[in-house]
Amino acid sequence: MRKMTPEELAELFRQNFDSQAEVFSAPGRVNLIGEHTDYNDGFVLPSAIGFYTHVAVSSRGDRTLSIRSTEFPDSCDIDLANPPGKKLGAWCDYVLGVALELARAGIGVRGANLLVHGEVPIGAGLSSSAALEVASALAFLSLEAKELPLTTIATLCQRAENEFVGARVGIMDQFVSCHGREGYAVLLDCRSLGYELVPIPDTVKFVICNTMAKHELSGGEYNLRRAQCEQGVEILSRSYPGIKALRDVTAAQLEAQAETMPPVIYKRCLHVVRENERVVETGERFRSGDLAGVGRLMRDSHRSLRNLYEVSSQELDIMVDAAEGLPGFFGGRMTGGGFGGCTVNLVSTASAEAFRQAIGRRYQQKTGISPDIYICSAAHGAGAELKKAVV
Ligand code: GLA
């Protein structure tokens with residue numbers, strides 16, 4: 001995806017709409033560990049990455065929201081006095097959903113022209129949708145001269161995706177797109193929304209390998225996993241009345257109830273309970289500089305996602321296996337919702353370029369597909385980027 005500076009986008013906007021724009025930006029993310037734990041009130045450890053979605057905006061005199069993109073030919077013109085009651089099935093649903101959520105929160109959105117440029121690869125599990133939502137929210141807020149705390153913006157964008165787009169996603173992506181910080185991963189408690197920044201040494205890179213097999217979240221499997229977790233909580237709460245989410249269940253408690261649960265529900269719960277433990281341990285290992293230990297936990301996470309949660313794919317498994325034995329490799333796993341998309345690999349900085357080439361060759365030999373591979377570091381979220389983005 002072509003990189004474009006906010007200034008370049010503002011210039012393109014001037015050519016398209018013949019007016020000055022402000023540009024707001026928000027990044028995609030890579031999740032290092034803690035997969036399918038966020039909607040179980042658990043822990044996650046993502047980091048923002050240096051692919052941003054930029055939204056250029058200026059107000060109009062009427063009540064039309066005109067949304068265009070530098071990538072897609074279709075544009076979208078919405079009459080805000082009479083907005084659609086359900087999603088349009090197009091990329092601009094994410095923008096529209098945010099506008100409608102802001103209106104619901106009492107922040108009326110006025111007519112505006114928007115031009116979107118996204119650098120985050122789409123359908124790769126790197127949260128292009130969260131980046132678009134957060135950048136759009138910042139753009140609308142600025143038009144209304146309103147400010148909201150970053151965490152409120154994140155939850156509002158999550159609601160837009162839950163309610164309007166219909167994907168029952170958790171809070172991880174929007175949260176880290178807002179709160180990410182260069183050089184750090186974000187250890188987030190998805191219940192309290194309290195977080196700690198975990199320093200990532202610059203001796204390692206995140207090498208993100210795109211299997212090129214698209215992942216699609218509004219597809220039913222994600223929502224099905226979520227429903228299975230809820231079923232697990234329902235069964236477990238008969239024995240443990242205090243529990244509200246899988247976050248509240250220990251491995252020993254789950255084990256004791258294994259016989260009372262359908263096997264598939266037990267497997268889903270076991271993944272979540274153990275994955276939460278792994279996230280907390282990964283934070284500790286990063287802090288003590290034990291990168292080999294982090295790598296082991298990432299491998300365990302992948303195995304669990306493949307065997308217990310069953311959200312991996314043949315391509316993801318091939319890409320994960322292809323990393324083994326390469327110099328400088330500490331560990332890797334699928335990242336994001338699954339069923340396609342990317343793997344994330346922790347690789348020493350000195351070996352990252354050689355790793356990129358070698359894993360690309362191996363994957364292509366096995367699948368015939370030429371993968372996109374990105375060497376990334378932890379980047380700033382929208383909050384930290386905000387001042388820079390206003391032109
Ligand atoms: C998607 C969702 C997140 C999270 C992950 C799985 O990225 O948007 O909320 O549930 O899947 O960890």
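His36 reaches the ligand through its backbone: a polar backbone atom of this residue is 2.6 Å from a ligand oxygen atom. The protein covers 98% of the 300 Å² of accessible area that the ligand has on its own. Please keep in mind that this is a predicted model. The ligand sits in the largest pocket, and the points below take you from the ligand outward to the pocket lining.

**Around the ligand**

- Altogether, 12 residues surround the ligand, and the closest are Glu35, His36, Asp38, Asp173 and Tyr222.
- Asp173 uses its side chain, where an N or O atom is 2.6 Å from an oxygen atom of the ligand.
- Tyr222 also has a polar side-chain atom placed 2.6 Å from a ligand oxygen atom.
- Sorted by class, this shell holds five nonpolar, three polar and four charged residues.

**The pocket itself**

- The space in the largest pocket comes to about 820 Å³.
- A total of 46 residues line the largest pocket, and Tyr94, Ile122, Gly123, Ser128 and Ser129 lie nearest its centre.
- The lining of the largest pocket divides into 19 nonpolar, 16 polar and 11 charged residues.

**Which elements build the lining**

- Among the elements that each supply at least two lining residues are two helices, H2 (93–104) and H3 (128–143), and the strand E5 (112–118).
- Helix H4 (150–165) and helix H5 (172–179) likewise each give at least two residues to the lining of the largest pocket.
- H3 provides the largest share of that lining, with four residues.

Terms used. Residues are numbered from 1 along each chain as its sequence is written. This is a predicted model: local features need pLDDT of at least 70, side-chain atom pairs count only at pLDDT 80 or more; totals for chains, interfaces and linings use all residues. Side-chain values use heavy atoms; hydrogens and water are left out. A residue is near a molecule or strand if one of its heavy atoms lies within 4 Å of it. A polar contact is a pair of N or O atoms within 3.5 Å; within protein, one must be able to donate a hydrogen and the other to accept it, and residues adjacent in sequence count only if both atoms are side-chain atoms. Accessible areas come from the Shrake-Rupley method with a 1.4 Å probe; for residues, only the protein chains shown count as cover. On a 1 Å grid over the protein atoms alone, a cavity is a set of points where a 1.4 Å probe fits but cannot get out, and a pocket is an open set with protein on both sides within 12 Å along at least five of seven lines; lining residues have an atom within 4 Å of a point. A molecule sits in a cavity or pocket if more than half of its atoms lie within 2 Å of its grid points. Ala, Val, Leu, Ile, Met, Phe, Trp, Tyr, Cys and Pro count as nonpolar, Asp, Glu, Lys and Arg as charged, and the others, Gly among them, as polar. Grid points are joined across faces, edges and corners, and a volume is the space filled by probe spheres set on the points.
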